[in-house]
Amino acid sequence: MAKAVVSLAGKDILDLASLSVEEYELVLQTAAEMKKIMKRDIKKVPSLRGKSIINLFYEASTRTRTSFELAGKYLGADVVNINTSSSSVTKGECLRDTILTIQSMACDAIVMRHPIEGAAVYAAQVAKPVIINAGDGAHAHPSQGLLDLFTLREHGKKVGKGLKMAILGDVLYSRVARTNIAAWTKLGADVHVAGPMPLIPHDLKELGVTVHKRVEEAIEGADVIDVLRIQLERQEKGMFPTAREYARIFGLNSNRLKLAKPDVTVLHPGPMNRGLEISWDVGYCEQAAIRDEVQNGVAIRMALLFLTVMGGKTIENAD
Ligand code: CP
């Protein structure tokens, strides 16, 4: 049987729809090795020594920015953070000029978060360094999708046929939902969505997703529940009732959780609006993998930087 080499060398990571299942697998296998480095007393290897990575964030972030910074540092790279609120962006510099300015400083990868959908795709068109999309508006957040796959695998759930995946809440504004729907349907899982109808996009059925009016139907028998953050910063007024009503009708609480399989895994990309989309107790319950997602985010981002910048490890797959 013929073998095909899978490599992400020099590849921009813009979304999960455009990566193959074999490329997901390469990242996940590499992240497992990277996690071993994270567990060492001395969390430092020279794999990216002499390489420079710039984190360019036009939007707030705790998890993604910090974990990309740690990931680069654990691999020996020089990492610089640009917070656009204190950069020349405030003087009116356009995205193209900012990207070209950074490129002139001989960086090897730009990790970019931007509020506008397509900003990372545009950056990849104008820039020579690798572009890793750390979230562009409501479009995509590929490293979040990969860390969710990795976390679920650690929890004994290899996403694919036979798994019921429920996604709850603000799908319309969620790049995490779009990313996970792309990956989970590609992997053959049974994906169900529920939330306030104004926050459910019309095209989901075409993507092979089952849409429910009531969250209970989506949760019933679920192996995985992905609770989405209500994106208060992107919302127009009137997309859902009051916070109290939202929690009552759509929030994941311990009573609703009982409808899922007993070994359900609860995901949330963070930051959580506790008491709104997720109750305080469910956020801390034993089925919640939320802090595992954060830890695995570092390993996944180490893998992405290593594989794209260095051409890192490759795996061979049967054609
Ligand atoms: N999940 C996520 O993207 O979190 P941050 O906004 O804190 O990076």
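The shell around the ligand in this predicted model divides by class into 6 polar residues, 2 charged residues and 1 nonpolar residue. The residues that surround the ligand are Ser 61, Thr 62, Arg 63, Thr 64, Arg 113, His 141, Gln 144, Pro 269 and Gly 270. Arg 63 and Arg 113 are the charged members of this shell, and Pro 269 is the nonpolar one. As for its location, the ligand sits in the largest pocket.

Let us look at some of the polar contacts with oxygen atoms of the ligand.

| Residue | Protein atom | Distance to a ligand oxygen atom |
|---|---|---|
| Thr 62 | backbone N or O atom | 2.9 Å |
| Thr 64 | polar side-chain atom | 2.6 Å |
| Arg 113 | polar side-chain atom | 2.9 Å |

The protein buries 91% of the 260 Å² that the ligand exposes when taken alone. Thr 62 takes part through its backbone, while Thr 64 offers a polar side-chain atom, and so does Arg 113.

Now to the backbone, where two spots are worth a visit. Gly 270, one of the residues around the ligand, is joined to Pro 271 by a cis peptide bond with an omega of about -10°. Pro 271 belongs to the loop that runs between β10 (265-267) and α10 (280-283). The other spot is Ala 106, which has a positive phi of about 65° although it is not a glycine. Ala 106 is found in the loop between α3 (95-104) and β4 (109-114). Strand β4 (109-114) also brings us back to the ligand, since Arg 113 falls within the residue range of that strand and is part of the ligand's shell.

Finally, a word on aromatic rings. A search of the whole structure turns up 1 aromatic pair. How are the rings of Tyr 246 and Phe 250 arranged? Their centres are 5.3 Å apart and their planes meet at 40°, so the pair counts as tilted; planes under 30 degrees apart would be stacked, and those over 60 edge-to-face. Both Tyr 246 and Phe 250 lie in helix α8 (residues 243-250), where 4 residues, about one turn of the helix, separate them.

Conventions:
Residues numbered from 1 in each chain as written. Predicted model: local features only at pLDDT ≥ 70, side-chain atom pairs only at ≥ 80, totals over all residues. Heavy atoms only, no water. Near = heavy atom within 4 Å. Polar contact = N/O pair within 3.5 Å; in protein donor to acceptor, adjacent residues only side chain to side chain. Areas by Shrake-Rupley, 256 points an atom, 1.4 Å probe, with all protein chains shown as cover. 1 Å grid on protein atoms, 1.4 Å probe; cavity = no way out; pocket = protein on both sides within 12 Å on 5 of 7 lines; lining within 4 Å. Sits in = over half its atoms within 2 Å of the grid points. Phe/Tyr/Trp six-rings, centres within 6.5 Å; stacked < 30°, edge-to-face > 60°.
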